[in-house]
Amino acid sequence: MPRLLRMSELTRADVAHLASLARIDLSEAELDHLSGELAIILESVATVSSAPIEDVEPMSHPLPLVNVSRPDVVTPSLTPEEALAMAPEAEEQRFSVPRILDED
Amino acid sequence: MTSADLTRRTAAELADLLASGEVSAREVTAAHLERTRAVDDRTHAYLHVDEEGALAAADEVDRKRRAGETLHAAAGVPIAVKDVLVTRGLPTTCGSRILEGWIPPYDATVVRRLKDAGLPILGKTNMDEFAMGSSTEHSAYGPTRNPWDLERIPGGSGGGSSAVVASHQAPWAIGTDTGGSIRQPAAVTGSVGVKPTYGGVSRYGLVALASSLDQAGPCTRTVLDAALLHEIIGGHDPMDSTSIAGPVPPVVEAARRADVSGTRIGIVKELSGEGFQAGVQQRFDESVQHLVDAGAEVVEVSCPSFTYALATYYLILPSEASSNLAKFDAMRYGLRVWPEGIEDPSAEQVMAATRDAGFGDEVKRRIILGTYALSSGYYDAYYGSAQKVRRLIANEFAAAFEQADVLVSPTAPTTAFRFGEKLDDPMAMYLNDIATIPANLAGIPGISVPSGLAPEDGLPTGFQVLAPAMADDRLYAVGAALEARLEAEWGGSLLGRAPDVQSLPLPAAVPATHTTEA
C-alpha cells in the first residue's frame, strides 16, 4: 500500500496536475486557494486507513448489483431534433465539436 | 376559502377538499403561486416558477374531475421539485452555471409519477450546485434564505425545497438526499423530510452526484403528507437498474396508525452528546421521553465505525462525483466556453475552459479530491479503504437493528447557522451531515421530524429516525407518533410558531427568481 501523502506534501504542482486530469483549467488564484484547502481535507479523510479494516470486504454499493436486461424491443426514444436541441452547436443532424485531433 | 387559508392546509387536507369539490385545483395552485409572488423575493427558494404550466395542469385535473374520470387521491395538490430532477420543457440547472438555460427533453421517473398522479408542478427549487453543500450557499444563483430567519441558511443541499414548504409556497416538495440533503434542511426549517431506502425511489432522470448514495424523497410539513408523497414516487422502475423490484412499504398505513407500543428505540451513542448544540440535544432527549411515554422501549447501541463515516463519505462521494460530472464536457449540452488566447483550441481545451467557467468552487474542490482518491497509487489507500469502512458501517447498522427496531439521533448537530459562517471552512461545513451520512453509506431509510425550538436561539431542531432497508414504514410510525405528542404539547404545528415571512425585513441583494408568467 502506498504511503499516504501528508498535507505538506500535496504541492501546488500536484493540484495543477490533478486539475488537468479532471479537465478543469484552474486559474493561478484558484490553484493557490485549492491547494491549501485540499491539504486540510485530505489529512482529515486519510483517517479511514486507521480504521480496523484488515480482511474487510470492500462495499461499493448498498445493494448487491445485478445486471438488468430487457427484451430487445424498440421503444420510443428522443428524436434527433430533441437530442440536438440543447447542443452548443449542431450541424447536419450531428453534434458539432471543436477539433479532436492534434494538427500534426 | 381565502387563498391564504389554502396555503396553510396540509397536502392531505387539500386532497380531501379537492376530492369533495369544495375547491378546484386551479384555486389551490393559484393560491400557492400568489404566495410565491408575495414572499419569494425574501426566501429565494425557487430558481424557476412555472405559473403557466402549473395552472394548465390544474385545469386539466379540474376538467377530468368534472368529466367524472377516476383521479389519484392527491390529484390537483401542487408540488415543487428540486432542480436536480429533469423536467421536460422546464429549465433544469442543478444550481450550476454549466447548465444555465438547459431544457431537458425528458422527465425523470419521479417527475413522470407526479404528473401521472395529477400534481401540478409549481417550479424548480434552489440547491447547492450539483447537491454539494449543506446551506445552498454553493448555488450559482445565490442562496435560499431560511423562512425562520432570513439571515440564516435553510439547510442544503435541498434548501429550496425545505424553504418552499416551510414558507407555505408549496404544500410539499421533492428533495434528494446523498448525505442528508433532505433531512438536514427539514431539521433547520421545522419541516419533515424523508430519505427512502436506496433503490426505493427511481433515480432515472436524477442528475447524479454520487450514484451509490443518491435517493429522492419527500419534503413536507407533516409525516402523513410525506407518506402520501412517498407512495406516489416510490416503487420499481425498469429505467433504473438499481431500483428495488418490490412493493412500496406500507408507509401511509404506518403514518396513520402512529403506533410505537413495544417498539425498541435505539439511541446511537456515537450520534449524540459531544459536538451537538445544547438545545438540539435537549429537544432530542425530550422527544425520546415522548416516545417512551407512548409505549416505546429505549436501548443504547454503539456503532464505533461511525466516527469514520464522515471521512469515508468524503472519499466515496468525490470519487463518484468526479466520474459522474465528467459528462459536462461542453459537447452535447450545457455551457461551451472557448479558451482565451488559444487559436483553434482542441475539444479538450474547450472542455477545460468550460468546466473552469461553469463549475463553482465546491464542485471543483470535490472533483479534484475525487480525481486524487481514484488516481493510480492512491486508490487502495483512499477509495479502497473507504469502501472497507463502508462495509463496517453497514455491518454495525445490521448488528444495531438486531437490538432495536429503529435508531434515533438528532438530525443535525446545530440549528440553522448564519450565512458565511462556515463557507470558508469546508470541514466545518461537512460536519453538518455527521448524523445523516451513515444512512446513505448503508442505503437505509431515514426521516427528520421537527422536535422543537432550541431554547438558546429559538430556532427549529430535528429528530432523526433510521430503519432497516425496506422497513421505511417504521420511520412513519415513529415519526407520526412523535409528531402527534409534540403537537399536542405545543397546541399546533411547529411551523405555526414561525414568524410571518412577509413581516421579516427584506435582506439586501437577494437574486431574482425566473418566472414564466401565466
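Let me start with one residue. Leave aside the neighbours of B:L85 within four places in sequence, and B:L85 is in contact with B:A108, B:V110, B:V111, B:I174, B:G205, B:L206 and B:A216. A word of caution before I go on: this is a predicted model.

Where does B:L85 belong? B:L85 is part of the largest nonpolar core, which has 182 residues. Six of them touch the most other members: B:I79, B:L85, B:A173, B:A227, B:L315 and B:I368. Keep B:L315 in mind. We will meet that residue again.

Two contacts of B:L85 were B:V110 and B:V111. Both sit in helix α5 of chain B, and both are buried. B:T109, B:R113 and B:L114 in α5(B) are buried as well. What covers them? The cover includes strands β2, β3, β4 and β6, and helix α8, of chain B. After α5(B) comes B:G118, with a positive phi near 85 degrees.

Now some backbone details in the loops of chain B. B:C94 lies in the loop between β2, residues 79-82, and α5, residues 109-116. Phi of B:C94 is near 55 degrees, a positive value in a residue that is not glycine. Is B:C94 buried or exposed? B:C94 has 28 C-beta neighbours inside 10 Å, so B:C94 counts as buried.

Next, B:H168. Look in the loop between α6 and β4 of chain B. B:H168 is another residue other than glycine with a positive phi, here near 60 degrees. B:H168 is buried too, because 24 other C-beta atoms lie within 10 Å and the cut-off is 20 or more.

One peptide bond also deserves a look. From B:G156 to B:S157 the bond is cis, with omega near 10 degrees. B:S157 is in the loop between β3, residues 121-125, and α6, residues 159-166, of chain B.

On to the strands. Take β11 of chain B, residues 460-466. How many of its residues are buried? Seven of seven, so β11(B) is mostly covered by the cut-off of 20 C-beta atoms within 10 Å. In a regular strand, side chains alternate between the two faces of the sheet. Here, B:P460, B:G462, B:Q464 and B:L466 point one way. B:T461, B:F463 and B:V465 point the other way. Both sets are buried.

Which strands pair with β11(B)? One is β9(B), residues 406-410, antiparallel over four bridges. Within that pairing, B:V408 has B:V465 as its bridge partner. Another is β10(B), residues 446-453, also antiparallel, with seven bridges. There, B:L453 stands opposite B:P460. β10(B) and β11(B) form a hairpin with six residues between the strands. In that hairpin, B:G458 takes a positive phi near 70 degrees.

Time for chain A. Chain A has three helices and two strands. From the N terminus, the order is α-α-α-β-β. Of its 104 residues, 17% are buried.

How does chain A meet chain B? On the chain A side, 46 residues are in contact with 60 residues of chain B. Three helices of chain A, α1 (12-21), α2 (28-45) and α3 (80-84), each supply at least two residues of that side. Which one gives the most? α2(A) does, with seven residues. By class, the chain A side has 34 nonpolar, five polar and seven charged residues.

Let us zoom in on α2(A). α2(A) packs with helix α11 of chain B, residues 309-324. The axes are 8 Å apart, and the angle is about 120 degrees. That angle makes α2(A) oblique to α11(B). Which residues meet? From α2(A), they are A:I41, A:S44 and A:V45. From α11(B), they are B:A311, B:Y314 and B:L315. And there is B:L315 again, the residue from the core. This contact has five nonpolar residues, one polar and no charged.

Last stop: B:T307, in the loop between β8, residues 297-301, and α11 of chain B. B:T307 has 13 other C-beta atoms within 10 Å, so B:T307 is partly exposed. B:N440 is 133 residues away along the chain, but the two C-alpha atoms are separated by 15 Å.

Definitions and conventions: Residues are numbered from 1 along each chain as its sequence is written. Chains are lettered from A and ligands numbered from 1 in the order in which they are written. This is a predicted model: local features need pLDDT of at least 70, side-chain atom pairs count only at pLDDT 80 or more; totals for chains, interfaces and linings use all residues. A residue is buried if 20 or more other C-beta atoms lie within 10 Å of its own, exposed if 12 or fewer, and partly exposed in between; C-beta atoms are placed from the backbone. A nonpolar core is a set of buried Ala, Val, Leu, Ile, Met, Phe, Trp, Tyr and Cys residues joined through C-beta atoms within 7 Å. Two residues are in contact if their C-beta atoms, placed from the backbone, lie within 7 Å. Ala, Val, Leu, Ile, Met, Phe, Trp, Tyr, Cys and Pro count as nonpolar, Asp, Glu, Lys and Arg as charged, and the others, Gly among them, as polar. Axes are lines fitted to C-alpha atoms, for helices over the stretch in contact, and angles run from 0 to 180 degrees between N-to-C directions. Angles under 35 degrees count as roughly parallel, over 145 as roughly antiparallel, 65 to 115 as roughly perpendicular and the rest as oblique. Two strands pair if DSSP finds at least two bridges between them.
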